[in-house]
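Me: I would like a close look at one part of the model below, followed by its setting in the chain.
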Amino acid sequence: MTGRKNLMRVLLLASLLLPGVRCVKDAVFVYSRLGGVALLPCVNQLSSDCSGISWTFYKGGRYTEEVSGGQVSAGSDKASRMSIEPNCSISLRGLIVEDAGSYHCLQHGKNIADVYLSLLTITSVSTFTDLQPGGNLTLSCILFTYYDVGSCKSYSSGFNLSWVAEDGTTLPKDTRSEQIILTRCNITLVIKLRRDDNNRKWRCQVNTGENRAAEFLYFTSTFLFQDPPTAQNLIPSSPTIDCPVELPISRIVLCVALPVMVLIVGFFTWRGDRKRAKTYAACIELQEIN
């Protein structure tokens with residue numbers, strides 16, 4: 001009996017993945033971010049009693065049971081991050097890439113809801129020295145879908161990714177920025193930074209068919225240097241550290257601690273030299289006496 005149920009589930013999922021075939025009834029698409037929280041709703045349950053509710057997770061060609069009899073399964077690798085809501089939905093915290101996939105809510109063994117979880121992430125190939133006026137910032141925004149990472153199949157026609165300003169408005173059209181759309185689930189922003197881009201937030205968002213942002217994520221371009229370093233100012237002229245007026249706490253600590261460390265090292269070096277000089281002088285005197 002169990003084998004027959006599993007076969008039916010596989011056939012149902014296969015029909016969903018066929019090109020041009022998309023079952024929208026009782027299907028919910030949920031978008032969240034890595035490290036965030038996702039609420040996976042169990043719709044159409046016949047009663048509020050969760051004792052007959054179970055949840056399964058499908059990915060990579062196999063099912064795993066996440067919830068059984070209204071309780072989180074002890075063998076689930078998500079057990080420490082998962083909880084059951086009063087309405088039999090599940091809440092998943094501290095999201096990781098492996099959490100993206102299709103979740104199925106069953107009541108007394110009958111599938112009543114399909115939830116497809118996709119996760120948003122931003123990565124940057126730019127180095128710290130690129131984060132300064134005149135530098136190039138390259139940001140990659142990828143949606144880890146339930147089907148495949150960064151790959152959008154036919155189901156994805158209801159949404160797309162875009163890079164926008166911090167407040168969600170369209171980025172101004174100028175020659176310094178470019179958006180490269182690799183797929184509907186993979187979009188790159190390349191922008192030449194200006195002085196006023198220091199601590200600016202760049203926002204990647206998922207736009208749904210209802211013309212609204214379902215989820216978004218920020219990247220902040222914090223400059224290491226206010227001006228590009230030159231050969232002249234790269235050569236240290238003295239042990240003094242010149243600190244800019246506005247600095248984060250970490251840099252203020254560095255500016256204070258570094259000169260102190262230089263003084264301490266210099267002091268102990270001086271003491272060591274004096275001891276060695278005294279010892280050497282004593283040896284010479286001893287030799288002369290002998």
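Which residues form a nonpolar patch on the surface, and about how much accessible area do they have together?

Reply: The model is predicted, so local features need pLDDT of at least 70 and side-chain atom pairs count only at pLDDT 80 or more, while totals for chains, interfaces and linings use all residues. Residues are numbered from 1 along each chain as its sequence is written, and side-chain values use heavy atoms, with hydrogens and water left out.

The nonpolar patch on the surface is formed by F128, L224 and F225, which together have about 300 Å² of accessible area (Shrake-Rupley method, 1.4 Å probe; for residues, only the protein chains shown count as cover). Patches are made of residues with over 30% relative accessible area and no salt bridge (a side-chain nitrogen of Lys or Arg within 4 Å of a carboxyl oxygen of Asp or Glu); like charges are joined within 9 Å and nonpolar side chains (Val, Leu, Ile, Met, Phe, Trp, Tyr) within 5 Å. One member, F128, is located in the loop between β9 (110-124) and β10 (136-144) (strands are DSSP runs of E, at least two residues; helices are runs of H or I, at least four; both are numbered from the N terminus). F128 counts as exposed because its relative accessibility is 62% (exposed is over 50%, buried under 20%, partly exposed in between; 1.4 Å probe, protein chains only).

The protein chain around this patch contains three helices and 15 strands. Of its 290 residues, 34% are buried. Its accessible surface comes to about 17,600 Å², and carbon and sulfur atoms hold 59% of that area. Among contacts with a separation of 6 or more, 59% join residues 24 or more positions apart (contact means heavy atoms within 4.5 Å).

One open sheet has three strands in the order β11-β14-β15, with antiparallel pairing (two strands pair if DSSP finds at least two bridges between them). Because β11 (159-164) and β15 (213-221) each have a single partner strand, they stand at the edges, and one side of each lacks a neighbour in the sheet. From one strand to the next, the twist averages 15° (axes are lines fitted to C-alpha atoms, for helices over the stretch in contact; angles run from 0 to 180 degrees between N-to-C directions). Six bridges connect β11 with β14 (residues 200-208); W163 has C204 of β14 as its bridge partner. On the other pairing, β14 and β15 share eight bridges, and Q205 is partnered by F216 in β15. Strand β14 is largely enclosed by the rest of the structure, because seven of its nine residues are buried.

A further open sheet of three strands follows the order β2-β7-β6, again with antiparallel pairing. Its edge strands are β2 (38-40) and β6, each pairing on one side only. Neighbouring strands here are turned by 20° against each other on average, direction ignored. Three bridges join β6 to β7, and M82 stands opposite L92 in β7.

Two loop residues deserve mention for their backbone. Most residues other than glycine have a negative phi. C88, in the loop between β6 (82-84) and β7 (90-92), is not a glycine and yet has a positive phi of about 75°. H108, in the loop between β8 (101-107) and β9, also has a positive phi, near 55°. C88 counts as buried because its relative accessibility is 1%, whereas H108 counts as exposed at 69%.
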